[in-house]
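Here is a walk through a structure, one piece at a time. Keep the view open as you read, and turn it whenever a new element comes up.

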Amino acid sequence: MEWLGFVNYAVFMAIFIGIYALLALGLNIQWGYTGLFNAGIAGFFAVGAYTSAILTTPFVPGRVGGFDLPVPVGWLGAMVAAGLIAWPIGKICLRLRSDYLAIATIGVAEIIRLVVKSEGWLTNAARGITNIPRPFGDLAYTMSQLAYLAIVAGVLLAAYLLVERQFASPWGRMMRAIRDNEDAARAMGKDVPYRRLEAFIFGSALMGLGGALFVHFNRTITPEAIDPMVATFLVWIMLILGGSGNNRGAILGVAVVWIIWSVSEIVTDRLPHEYAVKAKYLRVFLIGLMLQLVLRFRPEGLLPEPRGKGRRPEAAAQGARPPAASD
Amino acid sequence: MKTLRIAALAALLGATALAAPAHADVKIGLLGGISGPIAAMAPAMIDSANLAISQVNEAGGILDGRKLIGVVGDSACNPQNATDAATKAVNLEGVIAIVGPHCSGAVLAAANSVTIPAGVTIVTPSGTSPEITTLQDNDTVFRTVPSDDYQGRALARTLLERGTTKVAVAYLNNDYGKGLAEAFRAEFEEKGGEIAGFAAHEGERASYRSNLADLAAGGADTLVILDYGDGSGLTMLRQALENGFFENFVGGDGMKSDAPIRELGADNLTTFIASAPVGQQSDALEVFNKAFSDIGGDPNAIFVTTSYDATFMLALAIEKAGADKSKVSAALREISNGEGEPILPGEWAKAKELIAAGTAIDYRGAAGEHNFDEAGDVPGAYALFKVSGSTFEVIAEME
């Protein structure tokens with residue numbers, strides 16, 4: 001049945017887009033609205049992924065765990081753990097200016113990755129954790145994927161609505177004020193470091209949730225999954241391309257990048273064999289080229305940040321400010 | 001939204017283009033880490049798999065003269081790309097079975113989320129993690145490369161037999177190094193050996209002197225390096241030699257590389273030995289080596305024999321089972337269970353006749369006999385090598 005194959009593939013892509021959309025939404029809170037350059041997405045993704053994996057798997061000798069808790073508990077745990085990890089990091093690093101924050105978060109993500117790879121009692125090190133339950137995982141292939149898509153879509157919709165609500169609220173306006181002109185916001189009596197910390201923790205918790213959804217879909221997690229290439233920089237490309245500061249843009253960016261990435265392989269497979277293998281490298285180049293073109297011709301992204309009644313001041317933001325949204 | 005529409009359109013076009021020829025040919029997926037950390041190794045592995053496919057097609061094709069086609073997918077050595085590539089292979093290309101993915105993490109993810117639910121048999125030529133053994137896979141996950149567990153244990157027993165009872169172990173911190181090291185330690189200590197140092201190291205560092213000093217502090221004069229000989233294993237070996245931290249060096253199959261001989265010189269490597277898998281049937285290995293050299297491949301490249309065997313065996317299994325993916329795994333066990341007429345690499349026409357006549361066949365591969373155990377693993381045969389001139393020479397078979 002050919003059409004069933006298309007359905008399976010489309011559902012699979014939709015699940016991945018949903019999971020990465022959570023990461024992009026989390027980054028949008030941090031970068032798009034608050035101007036925090038978090039280059040350690042993979043770290044929070046990993047914390048969420050492993051927390052949920054440890055909480056929901058049955059006992060295995062030689063590794064902490066055996067809690068065998070229901071999956072939703074694992075997901076909540078993932079958000080809490082990612083938020084808790086973000087708190088001390090934010091406390092220390094958020095006083096740094098944006099580029100220093102980027103360096104610090106890269107370092108933290110790398111520390112988390114090495115801990116995951118080395119501490120066998122906690123994460124089973126390089127071998128990873130297997131036998132992670134997937135909700136409705138006992139159903140047949142297509143039904144199981146559809147059920148999981150429904151869950152991911154539900155979680156994403158809830159996250160999207162909550163984040164949208166948050167940005168429309170006075171809190172969101174305050175965050176934009178802090179992003180665009182930190183001094184002015186401080187002069188208005190806003191507690192800038194504390195508000196930034198809030199945004200950092202919210203965003204990180206969403207990234208943790210994305211990690212948790214990822215492991216339950218794959219039923220396994222190994223350290224390869226938290227490689228900075230696929231878990232940090234890819235998300236950045238998605239957000240910048242889609243439009244930072246716009247939640248719909250973030251989700252659109254994820255969809256566009258993932259679809260182009262995945263579908264381009266189908267196209268290159270039409271080539272004769274000797275070129276088909278070489279063309280796989282071209283796909284990596286394609287993503288970079290796409291980013292370059294977007295930054296050159298449409299720096300605000302596909303869907304730019306909406307400018308409502310409270311227009312952003314055009315001039316002179318001294319603090320962190322997305323370069324993509326200016327000029 | 002425009003871009004999204006264009007992308008969706010491209011997806012549809014791509015999809016319709018490949019829908020048409022699906023019934024004429026028999027497809028198998030070749031998933032490999034073409035981009036990513038093993039990008040240097042993957043092309044040779046894909047080439048050797050394609051050698052098996054072209055042999056099948058030249059000798060009469062598969063089933064009723066149909067063409068066998070290998071669909072190459074990039075699993076990039078990470079779960080994200082591996083599941084994506086496997087989903088495309090299974091659903092869009094309609095492959096009957098898959099060779100790969102190459103890396104263990106990719107195998108676990110692709111098997112768990114795609115191929116086990118879809119009932120597609122996969123044979124990995126290079127996923128060596130012991131975790132693959134314990135997958136609940138409805139007997140659909142196989143491998144032609146032994147689990148690291150086997151090699152680590154065999155190496156430990158061999159060293160003890162040769163009178164080495166106290167060693168320090170340095171291993172690369174990935175699934176390969178760790179799997180080997182833990183199996184080695186378990187067996188070595190159980191059989192009465194002493195581990196005087198046991199430490200992981202990260203790859204691609206400029207200096208391992210502090211790691212080596214820590215390991216040497218345990219008092220062992222033999223260092224077991226479980227790493228790759230063309231990467232950090234070489235650096236470690238060089239620095240241990242330069243500074244005299246240890247006298248004897250033992251490596252796993254990753255260390256049996258030409259790089260140490262080329263870089264350090266055979267004169268300096270008289271105390272270096274390495275274990276590596278060897279083909280049990282040396283005639284099968286020779287047949288493969290010749291065929292692969294003829295198409296310009298390097299038969300000594302890592303995992304080319306296992307890739308070839310995985311592909312050829314899947315072709316045999318499909319020939320036996322018909323183009324029905326649910327029967328492939330059972331047929332895969334039947335064509336290589338140690339009983340029946342022996343089939344060597346490349347003997348497709350002979351195998352095809354025997355299968356048609358209903359005679360039992362037993363494939364003897366370039367990398368070993370591949371009689372799968374209950375978990376779909378192969379035991380593998382190992383030998384201990386020492387450096388001799390510009391190459392390696394067997395000094396002992398390993399039990």
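Let's start with β6(B), which pairs with strand β8 (residues 222–226) of chain B in the parallel sense, over five bridges. Keep in mind as you look that this is a predicted model. Two facing pairs help you find the spot: V167(B) sits opposite T222(B) in β8(B), and Y171(B) stands opposite L226(B) in β8(B).

Now look at the other neighbour of the strand. Seven bridges join β6(B) to strand β7 (residues 194–201) of chain B, and these two strands also run parallel. Here A170(B) is found opposite A199(B) in β7(B). To get from β6(B) to β7(B), the chain passes through helix α6 (residues 175–190) of chain B, and this β-α-β crossover is right-handed.

So is β6(B) enclosed or not enclosed by the rest of the structure? Of the seven residues in this strand (residues 166–172), six are buried, so β6(B) is largely enclosed. A residue is called buried here when 20 or more other C-beta atoms lie within 10 Å of its own.

Zoom out a little and you'll see the sheet these strands belong to. It is an open sheet of seven strands with mixed pairing, in the order β7-β6-β8-β9-β10-β13-β14 (chain B). At its edges are β7 and β14 (391–398) of chain B, each of which pairs on one side only. Going from strand to neighbouring strand, the average turn is 25°, direction ignored.

Helices pack against this sheet too. Helix α7 (residues 209–216) of chain B lies across β6, β7 and β8 of chain B, and runs at about 165° to β7(B). Then there is helix α8 (residues 232–243) of chain B, which touches β6, β7, β8 and β9 (248–251) of chain B. The direction of α8(B) makes about 165° with that of β8(B).

Chain B has another open sheet to visit, this one with five strands in the order β2-β1-β3-β4-β5 and parallel pairing. β2 (68–74) and β5 (141–143) of chain B stand at the edges with a single partner strand each, so each has one side without a neighbour in the sheet. In this sheet as well, neighbouring strands are turned by 25° against each other on average, direction ignored.

At the β5(B) end, strand β4 (residues 121–124) of chain B pairs with β5(B) in the parallel sense over three bridges. One pair to pick out is T124(B) with its bridge partner R143(B) in β5(B). As for helices, α2 (residues 42–58) of chain B packs on the sheet and touches β1 (26–32), β2 and β3 (97–99) of chain B, with its direction at about 165° to that of β2(B). Helix α11 (residues 304–321) of chain B packs on the sheet as well, touching β1, β2, β3 and β4 of chain B, and its direction makes about 165° with that of β3(B).

Just to one side, find D25(B), in the loop between α1 (2–19) and β1 of chain B. With 16 other C-beta atoms within 10 Å, D25(B) is partly exposed. Leaving out residues up to four places away in sequence, D25(B) touches R66(B), K67(B) and I69(B). L63(B) is 38 residues away from D25(B) in sequence, yet their C-alpha atoms are 10.0 Å apart in space.

Time to hop over to chain A. How many residues of chain A are in contact with chain B? There are 43, and they meet 46 residues of chain B. On chain A, the helices α1 (2–32), α4 (98–118), α6 (141–168), α9 (192–218), α11 (247–268) and α12 (273–297) each supply at least two residues of the side that touches chain B. α11(A) gives the largest share, 10 residues. Sorted by class, this side of chain A has 22 nonpolar, 11 polar and 10 charged residues.

Last stop: α12(A) and its partner helix α10 (residues 228–242) of chain A. Their axes come within 10 Å and cross at roughly 35°, and the crossing is left-handed. I237(A), I240(A) and L241(A) of α10(A) make the contact with I287(A), M290(A), L291(A) and V294(A) of α12(A). By class, the residues of this contact are seven nonpolar, no polar and no charged.

Key
Residues are numbered from 1 along each chain as its sequence is written. Chains are lettered from A and ligands numbered from 1 in the order in which they are written. This is a predicted model: local features need pLDDT of at least 70, side-chain atom pairs count only at pLDDT 80 or more; totals for chains, interfaces and linings use all residues. Two residues are in contact if their C-beta atoms, placed from the backbone, lie within 7 Å. Helices (H or I, at least four residues) and strands (E, at least two) are DSSP runs, numbered from the N terminus. Ala, Val, Leu, Ile, Met, Phe, Trp, Tyr, Cys and Pro count as nonpolar, Asp, Glu, Lys and Arg as charged, and the others, Gly among them, as polar. Axes are lines fitted to C-alpha atoms, for helices over the stretch in contact, and angles run from 0 to 180 degrees between N-to-C directions. A crossing is left-handed if the near helix is turned anticlockwise from the far one by less than a right angle, and right-handed if clockwise. A residue is buried if 20 or more other C-beta atoms lie within 10 Å of its own, exposed if 12 or fewer, and partly exposed in between; C-beta atoms are placed from the backbone. Two strands pair if DSSP finds at least two bridges between them. A crossover is right-handed if, with the strands pointing away from the viewer, the path from the first strand over the helix to the second runs clockwise.
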